[in-house]
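Biologist: I have a new structure open and would like to go through it with you, a piece at a time. Could you start with the charged pairs?

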Amino acid sequence: MPVVQSTYTFSFAGYLLSVAAGCVVFALAVVVALGYGGLSIALFALFGVMLGLLPAMLLFLPVALLGIWLGNRFGLRSRGYAVVFGAVGAAAYYPLGIGIGAAVGSTVGASPWPAGMLAAAGAVAGYVYFVTERIDREARKRPRQQAAPPPVHGP
């Protein structure tokens, strides 16, 4: 009897948590790159999530869906695949950032830091998605518990 391998599915909770984790890592990388410390680390992390969550969710949805499709298509179901695909998928947006920077006259894209920051954020986001999707899948497998009937008081 053939063993059916589980497949990746899209988990909204996993996607939300992974993008939030990626925003925090990217914000922390910006703090390190700019040389700040102390309270600015927490503030950058907080504002990184507050300002970057919705745009990042929209921007990286194609990467997440492509990663799920490729993982299912080729049977890639490891933590390493999720981390590597997250890093490569996020770093793939670096040329887009350079193009936008060139269009507005910025030279920020000339540094290798943004690609590394995106790759680190994508790697963390891939790992968080892998773990959260696995937890979500296991929770869906468990049978739901029936609520106990209310107690009857009196004769």
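Modeller: In this predicted model, the side chains of Asp136 and Arg140 meet in a salt bridge, with N and O 3.6 Å apart, where a salt bridge is a side-chain nitrogen of Lys or Arg within 4 Å of a carboxyl oxygen of Asp or Glu. Residues are numbered from 1 along each chain as its sequence is written. Because the model is predicted, local features need pLDDT of at least 70 and side-chain atom pairs count only at pLDDT 80 or more, while totals for chains, interfaces and linings use all residues, and side-chain values use heavy atoms, with hydrogens and water left out.

Biologist: Where do Asp136 and Arg140 lie?

Modeller: Both lie in helix 5, four residues apart, about one turn of the helix; helices here are DSSP runs (H or I, at least four residues) and strands are runs of E of at least two, numbered from the N terminus.

Biologist: And is Asp136 buried or exposed?

Modeller: Neither, because at 27% relative accessibility Asp136 counts as partly exposed, and Arg140 is also partly exposed, with a relative accessible area of 48%. The cut-offs are under 20% relative accessible area for buried and over 50% for exposed, with partly exposed in between (1.4 Å probe, protein chains only).

Biologist: How many salt bridges are there in the whole structure?

Modeller: A search of the whole structure finds three. Another one joins the side chains of Glu133 and Arg137, 3.2 Å from N to O, and these two also lie in helix 5, four residues apart. Glu133 counts as buried, at 1% relative accessibility, and Arg137 counts as buried too, at 15%.

Biologist: What about Lys141, which residue does it pair with?

Modeller: Lys141 forms a salt bridge with Glu138, the closest N and O atoms being 3.6 Å apart, and both lie in helix 5, three residues apart, about one turn of the helix. Lys141 counts as exposed at 56% relative accessibility, whereas Glu138 counts as partly exposed at 37%. As for why such pairs form, side chains of opposite charge can pair when their charged atoms come close.

Biologist: Staying in that helix, what does Thr132 touch?

Modeller: Leaving aside neighbours within four places in sequence, Thr132 is in contact (heavy atoms within 4.5 Å) with Ala13, Gly14 and Leu17. Thr132 is found in helix 5, which covers residues 113-141, and is buried, with a relative accessible area of 14%.

Biologist: Let me step back to the whole chain. What is its secondary structure?

Modeller: The chain has five helices and zero strands. Of its 155 residues, 30% count as buried, and among contacts with a separation of 6 or more, 77% come from residues 24 or more positions apart.

Biologist: Which residues touch the most other members of the largest nonpolar core?

Modeller: They are Tyr15, Val19 and Phe60, out of 20 residues in that core, where a nonpolar core is a set of buried Ala, Val, Leu, Ile, Met, Phe, Trp, Tyr and Cys residues joined through side-chain atoms within 4.5 Å. Helix 1 (12-34), helix 2 (39-74), helix 3 and helix 5 each supply at least two residues of this core, and helix 2 gives the most, with six residues. Tyr15 itself, leaving aside neighbours within four places in sequence, is in contact with residues including Phe10, Phe60 and Tyr129.

Biologist: Why would such side chains gather in a core?

Modeller: In soluble globular proteins, nonpolar side chains tend to be buried together.

Biologist: And on the outside, which residues make a nonpolar surface patch?

Modeller: Leu39, Leu43, Leu46, Phe47, Met50 and Leu51 make one of about 640 Å². Patches are made of residues with over 30% relative accessible area and no salt bridge, with like charges joined within 9 Å and nonpolar side chains (Val, Leu, Ile, Met, Phe, Trp, Tyr) within 5 Å, and accessible areas come from the Shrake-Rupley method with a 1.4 Å probe, only the protein chains shown counting as cover for residues. Phe47 is found in helix 2 and is partly exposed, with a relative accessible area of 41%.

Biologist: Last one, what does Leu28 touch?

Modeller: Leu28 touches Ile41 and Ala45, not counting residues up to four places away in sequence. Leu28 is placed in helix 1 and is partly exposed, with a relative accessible area of 32%.
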